[in-house]
Amino acid sequence: MSRREVVVTGLGATTPLGGDVASTWEAMVAGRSGVIALTQDWAQQLPVRIAAAMKVDPGTVLDRVKLRRLDRSEAAALIAAHQAWADAGLADAGVDGERLAVVVGSGIGGATTLLNQDDILEASGPRKVSPHTIPMLMPNGPAAWVGLELGAKAGVHAPTSACATGAEAVAWALDILRSGRANVAVAGGTEAVIHPLPLAGFAAMRAMSTRNDDPEAASRPFDKGRDGFVLGEGSGAMVLETEEHARARGARIYARLAGAAMTSDGYDIVQPDPQGHGIVRAINAALRDADVSASDIAHVNAHATSTAVGDIAEIAALRHARVTNAVVTSTKSMTGHLLGAAGAVESIAAILSVYHGIVPPTINLDDPDDALDLDVAALKARHLEVPAALNDSFGFGGHNAVLVFTKA
Amino acid sequence: MTTRDEITAGLAEILEEVAGVSPDDVAESKSFTDDLDVDSLSMVEVVVAAEEKFGVKIPDDEVQNLKTVGDAVSYIEKASA
């Protein structure tokens with residue numbers, strides 16, 4: 001029996017660039033930064049006082065009473081998932097819930113709820129702690145809410161692999177659809193932890209940019225002046241369907257999810273393997289899974305977070321895997337690093353690159369690293385046919401997830 | 001001394017805040033779960049807010065007896081007397 005093919009039929013996102021996919025994509029292609037200065041009082045004592053907050057606050061989109069029981073990461077996931085669902089034309093399509101799965105992960109989960117409720121506990125005692133605390137902070141909360149609201153009964157899953165989460169969710173959804181456990185899956189990632197503790201924690205690792213005086217220039221993957229990532233927040237979600245299901249209902253198809261692979265480094269809890277073995281194995285395996293040769297990859301939406309070691313290790317890995325004909329970009333130069341949502345939002349960008357034939361720029365790439373020996377879309381978007389694109393995502397813990405999207 | 005109407009009005013404010021219930025829908029005969037769609041977690045919020053607003057204690061094992069708004073009004077009226 002031939003393998004069940006899987007296609008992308010709906011996209012949704014709320015990001016530092018816009019409250020939906022259209023506005024996010026428009027800003028990406030135009031090369032706008034979503035990084036802003038944190039002017040709140042709580043930020044002033046931190047070494048990092050910049051972040052990429054969601055452009056449209058979920059509080060202006062969702063009902064006030066509903067927001068009382070949602071962590072911000074859950075709210076973002078619901079917004080993105082409902083957009084993707086509507087974009088796929090499924091809002092009134094009567095999809096069989098028992099054939100619908102959800103895979104939505106988060107890197108950190110409901111940390112802001114945990115911290116805010118701890119403040120209440122300390123100040124006012126246990127009786128004032130919200131009864132919604134646990135469903136708000138549980139890491140499967142975003143997936144569970146999306147599953148509940150869309151009526152998914154084929155399984156709701158919440159993979160978590162730090163900054164590879166969003167891509168890993170898409171990879172697991174591909175497995176679910178191929179194996180016949182569902183016909184439709186909503187997959188994505190979400191994150192919302194712009195709060196002093198996560199900022200202080202990442203800053204203590206010396207992982208973040210401290211370019212506080214120039215927020216828009218702070219995220220600069222591949223540039224000699226890069227000094228760490230910028231924390232972003234938001235969510236990306238996509239509707240995946242078996243091709244048979246999508247064709248039968250005449251759905252618009254953005255791209256084919258041709259293949260995926262996940263590997264683990266087994267090297268260090270946070271440092272990437274400098275040899276990039278795990279990344280190379282993931283790229284090779286994803287290409288084999290997709291039955292696409294390395295030289296046919298026309299575009300890579302790179303993980304490149306704007307850290308000294310990571311960006312160039314990724315370039316070396318791409319070269320090692322012979323992905324050398326691609327126009328590479330890091331949309332994190334504009335969105336910042338969305339952690340558990342990064343792989344989802346960047347996959348959406350890669351899918352739109354396939355669909356529209358446009359590769360968004362890597363902004364702030366004024367002075368490329370000497371070790372950068374692949375073609376990066378520096379500063380300006382490129383117009384080119386993209387028959388096949390690759391999305392890389394890596395996470396603390398040594399997780400590597402690679403997805404291949406091709407023209408449907 | 002707080003009257004029953006004043007307690008009902010106070011509960012209506014709380015119900016609007018925590019559960020989005022329209023104050024026009026709140027009456028003593030209404031069931032929290034069946035008529036006003038207040039789920040168990042929101043009911044906990046209502047109880048905690050009511051304790052604060054009316055300066056009373058509503059023990060957890062008493063909450064299951066508060067089926068209607070009128071039940072809650074009676075309890076609060078008695079507890080604050």
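Me: Which residues have the most contacts inside the largest nonpolar core?
Reply: In this predicted model, those are Ala173(A) and Ala185(A), and the core they sit in has 141 residues.

Me: Nice. What does Ala185(A) touch, leaving out residues up to four places away in sequence?
Reply: Ala101(A), Val102(A) and Val103(A) are on the list, along with Ala173(A), Ile176(A), Leu177(A) and Leu240(A). General background fits here: nonpolar side chains tend to be buried together in soluble globular proteins.

Me: And which helix gives the largest share of that core?
Reply: Helix α13 of chain A, residues 342–356, with 10 residues. Domain 1 (6–248) and domain 2 (260–406) of chain A each put at least three residues into this core.

Me: How many residues are in the other core, the one apart from it?
Reply: That one has 20 residues, including Leu15(B), Leu36(B), Met43(B) and Val47(B).

Me: Back to the domains. Where do they run in chain A?
Reply: The domain assignment puts domain 1 at 6–248 and domain 2 at 260–406. Their C-alpha centres lie 20 Å apart.

Me: How many residues of each domain are in contact with the other?
Reply: 60 residues from domain 1 of chain A meet 55 from domain 2 of chain A.

Me: Which elements of domain 1 supply at least two residues of that side?
Reply: In chain A they are the strands β1 (6–14), β4 (100–106), β6 (184–191) and β7 (234–242), plus the helices α1 (21–30) and α7 (165–178). Helix α7(A) gives the most, with 8 residues.

Me: What's the mix of residue classes on the domain 1 side?
Reply: The side of domain 1 that touches domain 2 in chain A has 31 nonpolar, 21 polar and 8 charged residues.

Me: Switching to chain B. How many of its residues are in contact with chain A?
Reply: 7 residues of chain B, and they meet 6 residues of chain A. On the chain B side, α1 (4–19) and α2 (40–54) each supply at least two residues, and α2(B) gives the most, with 4.

Me: How do those chain B residues divide by class?
Reply: The side of chain B that touches chain A has 5 nonpolar residues, 1 polar and 1 charged.

Me: What about backbone oddities? Where is Ala162(A)?
Reply: Ala162(A) is in the loop between β5 (156–157) and α7 of chain A. Its phi is near 50 degrees, which is positive although the residue is not glycine.

Me: Is Ala162(A) buried or exposed, and why?
Reply: Ala162(A) counts as buried because it has 21 C-beta neighbours inside 10 Å, and the cut-off for buried is 20 or more.

Me: Where does Asp291(A) lie?
Reply: Asp291(A) lies in the loop between α10 (277–290) and β9 (299–301) of chain A. Asp291(A) is another residue other than glycine with a positive phi, near 55 degrees.

Me: Why does Asp291(A) count as exposed?
Reply: Asp291(A) is exposed because 11 other C-beta atoms lie within 10 Å, and a residue with 12 or fewer is put in that class.

Me: Last one: how far does α3(A) reach?
Reply: Helix α3 of chain A (residues 72–87) reaches 23 Å from its first C-alpha to its last, close to the 22 Å expected for its 16 residues. The helix is mostly covered, with 14 of its 16 residues buried.

Me: And what's going on just after α3(A)?
Reply: Gly89(A) takes a positive phi there, about 75 degrees.

Methods
Residues numbered from 1 in each chain as written. Chains lettered and ligands numbered in written order. Predicted model: local features only at pLDDT ≥ 70, side-chain atom pairs only at ≥ 80, totals over all residues. Domains from an automatic or database assignment. Contact = placed C-beta atoms within 7 Å. Nonpolar A, V, L, I, M, F, W, Y, C, P; charged D, E, K, R; others polar. Core = buried A, V, L, I, M, F, W, Y, C linked by C-beta atoms within 7 Å. Expected span 1.5 Å × (residues − 1).
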